[in-house]
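Welcome! Here is a short guided tour for someone meeting this protein for the first time. Please take a look at the sequence and the model, and then read on.

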Amino acid sequence: MALVARVRALLLPGSRLRGATLGRAANGGGAGARRALSHRVLVEADPAAGVAVVKFRNPPVNSLSLEMLTELGICLEKLENDKTVRGIVLTADRPGIFSAGLDLTEMCGRNPAHYAEFWKAVQELWLRLYQSNMALGAAINGTCPAGGCLLSLTCDYRILADNPKYTIGLNETQLGIFAPFWFKDTMVNTIGHRATERALQLGLLFTPAEALQVGLVDQVVPEDQVQSTALSVMSQWLAIPDHARQLTKTMMRKATVDQLLKHREADIQNFVSFISRDSIQKVLQVYLQKLRKKNH
Ligand SMILES: CC/C=C\CC/C=C/CC(=O)SCCNC(=O)CCNC(=O)[C@H](O)C(C)(C)COP(=O)(O)OP(=O)(O)OC[C@H]1O[C@@H](n2cnc3c(N)ncnc32)[C@H](O)[C@@H]1OP(=O)(O)O
């Protein structure tokens, strides 16, 4: 289902998005104005600085469900069309978990049409973020595996909280699945081929010190300074004339984007046939059960 159709579906009676404030809040904005764009994504815009902080709030773990992907996509589209916004900082509404990655329940026990719709939404969000004309920063205030790490890798810079409990990486192989080529390319573009090869094969989740050392993040700062640091770094990015920064960003990322655009349909088919395998379904079910058992 295309983004517009998914939005319509979300707005149907009974949907949790129905009635959400999708525009500027009644207070009309202003510096530090808080604007709730949807249930799962919170936006705090500072028009004077030209920056919006986009906060994930999809409890318990900020997983990227189809609804979360759709709401985030709508939110980013609105911000892209807002002339007062030149930069976005992605973060979690509450510290602890930046995002647990793709929602595993979207990849287990569903039908092929659902898998295709889900994967298309993952592609759409990646394309929107990776090609964004805005300066993007990640204020990583929690653990950040797999799809969560991918989100942060689409940003122009990453600031990670100095908490050894917070790890970051593309750990797909540890689940018995693998990172597709465009996840891999996004990481190669950040930390290089050899480091990516090692990280992906071993499904490494890096501690803050390791992530800094390998170049997966640009700065590690005390936990209470993640957002303020991300905002102060943003001012450096916004000091560059937009057109010059944007042309450079496009030049750096175009080849990677073009690869997915060229192979988009095949990538969806590949995902659907891989994830539908009985053996893959089994490993994902076991992984999910293990996660759930901890709590019951
Ligand atoms: C062709 C290519 C093919 C395939 C490519 C597919 C690509 C996939 C990329 C991904 O993103 S896969 C997802 C990978 N994510 C993870 O491995 C993270 C799993 N989660 C955790 O490790 C932990 O939950 C946490 C460290 C993030 C947080 O730990 P904690 O605070 O202790 O919370 P719980 O573990 O108790 O979790 C609470 C609750 O949430 C459920 N849950 C956790 N992660 C996910 C998830 N990714 N999707 C769906 N649900 C998740 C967990 O089962 C618990 O559920 P309860 O029912 O027990 O409340």
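With 26 C-beta neighbours inside 10 Å, alanine 146 counts as buried (a residue is buried if 20 or more other C-beta atoms lie within 10 Å of its own, exposed if 12 or fewer, and partly exposed in between, with C-beta atoms placed from the backbone). Alanine 146 sits in helix H4, and its phi is near 45°, a positive value in a residue other than glycine.

Before going further, please note that this is a predicted model, in which local features need pLDDT of at least 70 and side-chain atom pairs count only at pLDDT 80 or more, while totals for chains, interfaces and linings use all residues. Residues are numbered from 1 along each chain as its sequence is written.

Now for the overall picture. The protein chain has twelve helices and ten strands; helices (H or I, at least four residues) and strands (E, at least two) are DSSP runs, numbered from the N terminus. Of its 296 residues, 39% count as buried. Two residues are in contact if their C-beta atoms, placed from the backbone, lie within 7 Å. Among the contacts in the protein chain with a separation of 6 or more, 71% join residues 24 or more positions apart.

Alanine 146 also leads us to the ligand. A shell of 29 residues surrounds the ligand, and the closest are Gly101, Leu102, Ala146, Gly147 and Leu291 (a residue is near a molecule if its C-beta atom, placed from the backbone, lies within 6 Å of it). Strand S7 (142-145) and helices H4 (146-153), H5 (172-175), H11 (264-276) and H12 (278-293) are the elements that give two or more residues to this shell. H11 provides the largest share, four residues. By class, the shell has 17 nonpolar, eight polar and four charged residues; Ala, Val, Leu, Ile, Met, Phe, Trp, Tyr, Cys and Pro count as nonpolar, Asp, Glu, Lys and Arg as charged, and the others, Gly among them, as polar.

Next come three buried residues, listed with their places.

| Residue | Place | C-beta atoms within 10 Å |
|---|---|---|
| Phenylalanine 56 | strand S3 (residues 51-56) | 26 |
| Asparagine 62 | loop between S3 and H2 | 27 |
| Tryptophan 182 | helix H6 (residues 181-191) | 22 |

Leaving out residues up to four places away in sequence, phenylalanine 56 touches Val41, Asn62, Ala92, Asp93 and Ser99. Its C-alpha atom is 9.6 Å from that of isoleucine 97, 41 residues apart along the chain. Asparagine 62 has a positive phi of about 55° although it is not a glycine. Proline 60 lies in the loop between S3 and helix H2 (66-80), and the peptide bond from proline 59 to proline 60 is cis, with omega near 10°.

Which residues does tryptophan 182 contact, leaving aside its neighbours within four places in sequence? They are Trp126, Gln259 and Leu260.

Finally, look at a pair of helices. The axes of H3 (residues 112-130) and H10 (residues 242-262) come within 11 Å and cross at roughly 160°. Axes are lines fitted to C-alpha atoms, for helices over the stretch in contact, and angles run from 0 to 180 degrees between N-to-C directions. H3 and H10 are therefore roughly antiparallel to each other (angles under 35 degrees count as roughly parallel, over 145 as roughly antiparallel, 65 to 115 as roughly perpendicular and the rest as oblique). Gln123, Leu127 and Tyr130 of H3 make the contact with Arg253, Val257 and Leu260 of H10. These residues divide into four nonpolar, one polar and one charged.
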